[in-house]
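Colleague: Before I use this thing, I'd like to know where the labels come from. Can we go through them one by one?

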Amino acid sequence: MVTRLRKFNRSKGLKATAFLLAVVFITAIVLHVVYIYYRNYDLEPLFEEEYTKSKEFLNDELTPIIDEMHDYLATSIKPDKEFHYYYFFTDEVNTYNNISLDELQKLKYKYEVLIQPWLYKEFKTVQDKSKEYTLYLAFPDDYIQKRQAVWNDIRSELIPITVSFLQSVIAALICLGYLIVVAGRKAEDDKVHLSPYTDRIYSDIQAGGILFTLFIWFYICGNTLMDNNYQNSNLTADQTISMIAIGIITAIAASICVMFLLSLVRKLKAGKLIKHTLIFAILSGISNFVRSFFNDSRFEHYPLTKSLNRRQVIFTVSSGFMVFIFFISMFINPFFGIFAIFLEGLIIYWYFNENKKTFEEINLGFQESYKEMMKSEKMKVDLITNVSHDLKTPLTSIISYVELLSKEDLPETARDYVKILAEKSERLKNIVSDLFELAKSTSGNLPLNLENLDLKKLIEQTLADMEDDIKKTNLRIKTNLTENPVYIYSDGKKLYRVFQNIIGNALKYSLSGTRVFIDMETANNYVNVTVKNTASYDMDFTAEEILQRFNRGDKSRSTEGSGLGLSIAESFTQACGGTFKVEIDGDQFKVKMGFPISR
Amino acid sequence: METARILVVDDDKTIAGAIEKLLVMEGYEVIKAYNGMEALDALVSNDVQLIILDIMMPKLDGLSTMMKVRDGKNIPIILLSAKSEDSDKILGLSMGADDYVTKPFNPQELVARVKSQLRRYLHLGAKDSANGTSKIVVGGLCMDVEKAEFTVDGEPVKLTAKEFKILEFLMKNAGRVFSAEQIYEKVWQEPAYSVENTVMVHIRRIREKIEINPKEPKYLKVVWGIGYKIEKV
């Protein structure tokens with residue numbers, strides 16, 4: 001359930017819809033504002049239901065009247081106008097009114113204004129300036145009702161606009177919120193996925209892009225925007241067109257901004273917001289570059305090269321500093337320039353002198369390690385030779401005496417035993433000889449006799465050489481060699497051993513009646529030879545295991561051979577500059593070899 | 001037939017003893033020595049026709065002993081060694097040995113090599129073998145083209161016409177390597193096409209007839225990936 005919900009929540013369709021809606025609502029918000037601006041709405045009716053309680057009433061209706069009355073009372077010159085309101089004022093001597101106080105008191109919309117004459121120098125009307133007086137004002141009911149009706153009209157227009165404005169704001173926020181929450185998430189998992197397109201742009205460029213887009217948007221809108229109307233009048237045709245234009249521009253700008261914003265959010269989630277900025281990239285590039293100069297961790301275990309490196313850094317930096325000093329001092333005092341040159345000379349002298357010493361030490365070290373290497377190499381060869389000698393000598397005796405024994409007049413059973421001894425000592429001889437060849441080869445002491453030879457011919461020769469062995473089996477060899485000779489630079493005798501071992505193995509371990517495939521092909525200056533056969537037994541080992549020394553398929557444990565055939569083939573091939581790979585695929589046993597073709 | 005006297009030199013007494021018995025069985029007279037110095041002493045007081053000489057020995061090693069022997073004597077020397085590398089064999093042969101046998105050896109093969117060396121030394125006299133223009137000689141191989149005769153260490157060997165022609169061609173150009181195609185065209189006088197097998201089969205048969213150990217041929221060699229040759233001895 002949760003997964004399904006997540007799948008829906010993070011589906012691409014929903015994201016795209018939300019994105020579109022966000023853009024639409026943002027555009028709607030802007031258009032609402034522009035519309036209200038064009039219509040030049042007074043927004044007060046929105047908050048104040050009753051006109052008489054509004055600030056507009058106080059400022060535009062009441063205050064002018066009070067001012068008017070003030071002037072009238074102060075100068076006692078009656079304004080030349082028809083009063084749309086009632087007033088009553090008396091200072092106990094004179095009374096100014098267009099209605100009786102009693103009647104005024106009966107009216108609904110009446111106001112009392114406190115007049116403090118001492119505040120005004122030229123307040124002529126009243127006798128006693130130190131006294132406070134009350135000015136009674138009132139509006140006829142129908143006047144206020146008319147005004148209230150207009151007020152209500154505006155209110156009824158404003159409220160739906162405001163509601164839809166607020167709805168747009170909320171909807172836009174929801175869409176953006178949703179987009180921000182799901183940004184970078186995919187339905188399949190809970191990881192943060194960065195977009196391969198927009199997220200490639202550096203964060204700071206994106207942020208700048210947002211600001212730039214907003215600036216452009218603001219500029220264009222400012223130029224497109226027309227003067228506003230008199231209050232509440234309908235839109236002109238030009239204004240309608242400009243609104244459409246602003247809408248389009250806003251939609252475009254909003255798309256760009258939201259896109260970049262979401263990209264920034266994704267990076268923030270992935271924790272790459274800062275790292276993926278152009279500034280960071282440049283700074284880290286510079287810092288890496290500078291650090292690489294001073295970084296000598298590579299020479300950590302080599303004190304001599306480390307000192308060389310350090311000296312080099314010191315030399316470069318101080319020389320640079322001297323050049324700087326030289327140019328600066330040329331402006332001030334040429335003497336210091338000469339001083340800098342002198343110092344530079346000292347630095348160069350120090351640098352070369354010390355380096356020479358270090359180089360000499362390095363040379364000494366080289367010689368030492370070379371000697372050491374030669375010594376250990378010689379010891380290795382000696383070890384192999386000596387052990388080989390020590391094993392071969394008793395074996396020679398065994399073989400010789402077994403031979404002598406076989407010539408004696410022995411009873412039948414003893415004759416059988418001697419036969420077994422002869423067989424086993426022969427096998428031991430093979431194992432010892434294989435073992436030493438392998439030891440020499442893997443220790444890199446195999447003497448090679450390299451020459452240009454035709455690999456195709458070598459395979460043909462090997463097959464012809466092994467023809468008797470092949471005929472003894474029930475197998476057929478299927479060759480697919482190249483048409484032309486393929487020359488490689490290698491040791492023919494060793495490669496003959498390689499192919500002899502591999503083909504010998506194939507003959508030994510193949511299922512009766514199957515075919516052994518020998519394929520040869522050239523590709524990219526390489527010649528590849530593959531020997532494939534179908535095993536006659538369960539190959540319950542891996543390609544790696546079969547190449548381990550002495551490892552053989554269990555079934556073949558008791559038969560002839562040293563068990564080192566494949567290892568020798570591998571080692572010889574590698575010693576001859578080739579590659580060697582064993583693959584096991586079901587019953588298919590494959591040996592793949594590759595050699596560089598010589599020019 | 002007079003019995004040849006053979007000096008067996010090996011620091012391992014059991015090996016020397018085994019070789020002695022093997023050779024005595026074949027009717028040879030054997031003297032043993034256990035190092036180079038003893039061997040040189042034995043040579044002074046005895047008339048020896050062949051030496052079997054181990055290389056790795058205390059006091060005086062085989063190669064040094066051989067050089068001292070070669071100062072005055074031209075008798076065949078078979079080197080015996082646990083060192084089986086080609087370079088060791090080449091070194092031994094170039095220093096004057098007539099043959100090189102690696103340990104552990106096949107006793108019968110050793111006996112065969114002894115016989116072969118003695119035949120050459122005693123019956124052919126080594127020197128007169130190069131007589132006559134129609135004779136081609138490479139080591140112990142001797143071919144009389146006119147008489148269509150072929151001997152290995154004096155022992156006649158029967159060859160088929162093709163085998164004879166192949167050997168003749170290779171022996172005339174001893175040391176040079178020829179591809180199967182070249183050999184085929186020369187011997188069969190036909191254009192060669194896929195003849196590797198044909199030539200190889202003949203080579204193998206020839207080897208079985210002329211080599212003591214066909215698996216480690218002394219004369220007729222395969223140069224892998226290139227061709228075939230008779231080793232120049």
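What follows is a run through the terms and the values behind them.

Modeller: Ground rules: this is a predicted model, where local features need pLDDT of at least 70 and side-chain atom pairs count only at pLDDT 80 or more, while totals for chains, interfaces and linings use all residues. Residues are numbered from 1 along each chain as its sequence is written, and chains are lettered from A, ligands numbered from 1, in the order in which they are written.

Colleague: How many helices and strands does chain A have, and what makes a helix or a strand here?

Modeller: Chain A has 17 helices and eleven strands. Each is a DSSP run, numbered from the N terminus: H or I over at least four residues for a helix, E over at least two for a strand.

Colleague: What does UniProt list as "transmembrane region" in chain A?

Modeller: The unreviewed entry lists residues 16-38, 158-181, 201-220, 240-265 and 314-331 of chain A. UniProt positions are in the numbering used here, feature names are shortened, and annotations may be inferred rather than shown by experiment. In the model, residues 158-181 of chain A are 100% helix and 0% strand, with end C-alpha atoms 34 Å apart. Residues 314-331 of chain A are also 100% helix and 0% strand, and there the end C-alpha atoms are 26 Å apart.

Colleague: At what angle do H2(A) and H8(A) cross?

Modeller: The axes of H2(A) (residues 12-39) and H8(A) (residues 237-270) cross at roughly 145 degrees and come within 8 Å. Axes are lines fitted to C-alpha atoms, for helices over the stretch in contact, and angles run from 0 to 180 degrees between N-to-C directions. The residues making this contact include A:Phe19 and A:Ile26 of H2(A), and A:Met243 and A:Gly247 of H8(A). Contact means C-beta atoms, placed from the backbone, within 7 Å. By class, there are 14 nonpolar, five polar and no charged residues.

Colleague: What makes a residue nonpolar, polar or charged?

Modeller: Ala, Val, Leu, Ile, Met, Phe, Trp, Tyr, Cys and Pro count as nonpolar, Asp, Glu, Lys and Arg as charged, and the others, Gly among them, as polar.

Colleague: Which element gives the largest share of the side of chain A that touches chain B?

Modeller: Between the chains, 30 residues of chain A are in contact with 26 of chain B. H11(A) gives the largest share of the chain A side, 13 residues. That side divides into eleven nonpolar, nine polar and ten charged residues.

Colleague: How do you know that S2(B) and S5(B) are edge strands?

Modeller: Each of them pairs on one side only. Two strands pair if DSSP finds at least two bridges between them. The open sheet runs S2-S1-S3-S4-S5 in chain B, with parallel pairing. S3(B) and S4(B) are joined by four bridges, so they qualify as a pair. B:Ile52 has B:Ile78 as its bridge partner in S4(B).

Colleague: And which residues of S10(B) are buried?

Modeller: B:Leu220 and B:Val222 are buried and point to one face, while B:Lys221 and B:Val223 point to the other and are not buried. Buried means 20 or more other C-beta atoms within 10 Å of a residue's own, exposed means 12 or fewer, and partly exposed is in between; C-beta atoms are placed from the backbone. So B:Leu220 and B:Val222 reach the count of 20, and B:Lys221 and B:Val223 do not.

Colleague: How many residues lie between S10(B) and S11(B) in the hairpin?

Modeller: Three, with B:Gly225 in the turn at a positive phi of about 85 degrees. The two strands run antiparallel and are joined by four bridges.

Technical notes: Two residues are in contact if their C-beta atoms, placed from the backbone, lie within 7 Å.
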